[in-house]
Amino acid sequence: MAGFVFADSMFAHPRYLPPSAWTGHLPFASWLIERCAPEVVVELGTHAGASYMGFCQAVYDHGLSTRCFAVDTWQGDEHAGHYGDEIYLALKSDHDRDYAGFSQMLRMTFDAALPQFADGSIDVLHIDGLHTYEAVRHDFETWLPKLSARGVVLFHDTVVRERDFGVWKLWAELRERYPGFEFTHAYGLGVLIVGEEMPAALRALSAAEADGTVVHIRRLFESLGNAIETDLKRQHFERSLVIRDRELGELRAAFDAAVKKRDALTAELQAAQSDTTESDLKRGHFERLVVIRDRELDEIRAAFDTALEERNALCVELQAAQDHVSARETERQQLSGVYAEALAAIEMIERETEAQRARADDAGIQNDALAVARDAAERESAELRSQVAALRASQLQTIADARAEHDRLLVSQNDDMRRHAGEKIMALQGESDRIKAEMAVIYGSRSWRLTRGLRWLSSLFRGARN
């Protein structure tokens, strides 16, 4: 039960204990109110008020600001039986005396009470009205929008499968959709967690089945609930014994009075028998009276014997109850020891948690300084990256501009070279044409023709010399 949190309220004794099948769950009801500190508690189906007064007592004892509401017609149903106003009036008298400051009894149907609560306003909803499947499902679905983000729904009689009880069926369906926990004693109590913000105290219950502690938690609350039920039975036996003692006293007084009357009649009969002047009629009358008184005396004696036997049986039952109470007291003391050890462990864990929190705070300061330095470094890095990117962009632009200028110059140079080359070619062509024209003039001249032989001889001589 490492994740389970103990509480003083688990061991509180209820001040209001009407006969009820809910008595075994009162320790859990007190624990739930103390650990979760709900803002609003609503109970659908209150009857004699065992569970509801338990909720109110926990709110009162721990000084919480919780507001409580009991919704019931106080007319009964096919499961609880039908009754008159006596149950409502008796409960209202005790309720108004102790808890009227924060609690209200709303005598109406469940559906009629719906408009009085805003959506998302109820932290704890106890459904304990008509127990058919259709009725419980209707109550859950119509009141579900009223549950807060910390909402918890309690279902009583989750293990009862007699008659047309259907809470067990709805509970099985809802457990596929919501986390929860179930107690199997006292006819069963389902704890369904419907809110998204699960109270820390209930997280251990919802995880109990997974980590194997479910058996211990159930046994703990069952033992605490049994102790209350046993004490209730002991009180019942003691009251019954007082009543029987009073009845025995009355029977004893009647018996003594009858004996005195019989003795008086016997004395009168003896006086009548000794008086010879008395008539036989008078003597017969006294004899009949004596017979009647003897019969009455026998009946009183038989009733006294029966009452005495019942008293002795009650004494035996009371002794058995006292023995059971002693055993439960021993078990309670053992649980108190476990509770004390758990509290010590919790205190040690809290101290360690506080130390870890302090270390975490120191580490947080260092982390803050590192975070500031990291942020500054990241800003500088971002600035450098920006500058580098700008320089690179500038270099790329410069290179692009240079390449464009180079291409432009190259094109310009090529154009100039082609133009100069063309001009030179044209000039050479003109010179060639001029030379050709001059050569043509020379070749066509008379002197060229006359000197042809000489040129031939000259070329011949040059060839011979070579």
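**Reading side-chain contacts and backbone angles**

Analyst: A network of salt bridges links Asp 94, Arg 97 and Asp 98. The model is predicted, so local features require pLDDT of at least 70 and side-chain atom pairs count only at pLDDT 80 or more, while totals for chains, interfaces and linings use all residues. Residues are numbered from 1 along each chain as its sequence is written, and side-chain values use heavy atoms, with hydrogens and water left out.

User: How should a salt bridge be read, and how many does the structure hold?

Analyst: Side chains of opposite charge can pair when their charged atoms come close. Here a salt bridge requires a side-chain nitrogen of Lys or Arg within 4 Å of a carboxyl oxygen of Asp or Glu. The structure holds nine. One of them joins Arg 97 to Asp 98 at 3.0 Å, N to O.

User: Are Arg 97 and Asp 98 buried or exposed?

Analyst: The scale is relative accessible area: buried is under 20%, exposed is over 50%, and partly exposed lies in between (1.4 Å probe, protein chains only). Arg 97 is exposed, at 55%, whereas Asp 98 is partly exposed, at 35%.

User: Where do Asp 96 and Lys 92 lie with respect to each other?

Analyst: Helices are DSSP runs of H or I with at least four residues, strands are runs of E with at least two, and both are numbered from the N terminus. Asp 96 and Lys 92 are four residues apart in helix 3, which means a separation of about one helical turn. The two form a salt bridge whose closest N and O atoms are 3.0 Å apart. Asp 96 is partly exposed at 33%, and Lys 92 is partly exposed at 29%.

User: Which residue forms a salt bridge with Asp 123?

Analyst: The partner is Arg 150, with 3.7 Å between the closest N and O atoms. Asp 123 belongs to strand 6 (residues 122-127) and Arg 150 to strand 7, so the contact ties together parts that are 27 residues apart in sequence. Asp 123 is buried at 6%, while Arg 150 is partly exposed at 27%.

User: What describes a pair of aromatic rings?

Analyst: The distance of the centres and the angle of the planes describe such a pair. Rings of Phe, Tyr and Trp (its six-membered ring) pair if their centres lie within 6.5 Å; planes under 30 degrees apart are stacked, over 60 edge-to-face, and the rest tilted. The structure holds 15 aromatic pairs. Among them is the tilted pair of Trp 74 and Tyr 88, with 5.2 Å between centres and 55° between planes. Trp 74 lies in the loop between strand 2 (67-72) and strand 3 (76-77) and Tyr 88 in helix 3 (residues 86-99), so the pair connects parts that are 14 residues apart in sequence. Both residues are buried. Elsewhere, ring pairs gather Phe 28, Trp 31, Phe 181, Phe 183 and Phe 221 into a cluster.

User: Which charged end sits over the ring of Tyr 88?

Analyst: A charge sits over a ring if NZ of Lys or CZ of Arg is within 6 Å of the ring centre and within 35 degrees of the ring normal. The charged end of Arg 107 does so for Tyr 88, at 4.3 Å from the ring centre. Lys 169 sits over the ring of Tyr 133 at 4.7 Å.

User: What is the phi of Trp 74?

Analyst: Most residues other than glycine have a negative phi. Trp 74 has a positive phi of about 50°, and its relative accessibility is 0%. Asp 157 also has a positive phi, about 70°. Asp 157 lies in the loop between strand 7 (147-156) and helix 6 (167-174) and is buried at 10%.
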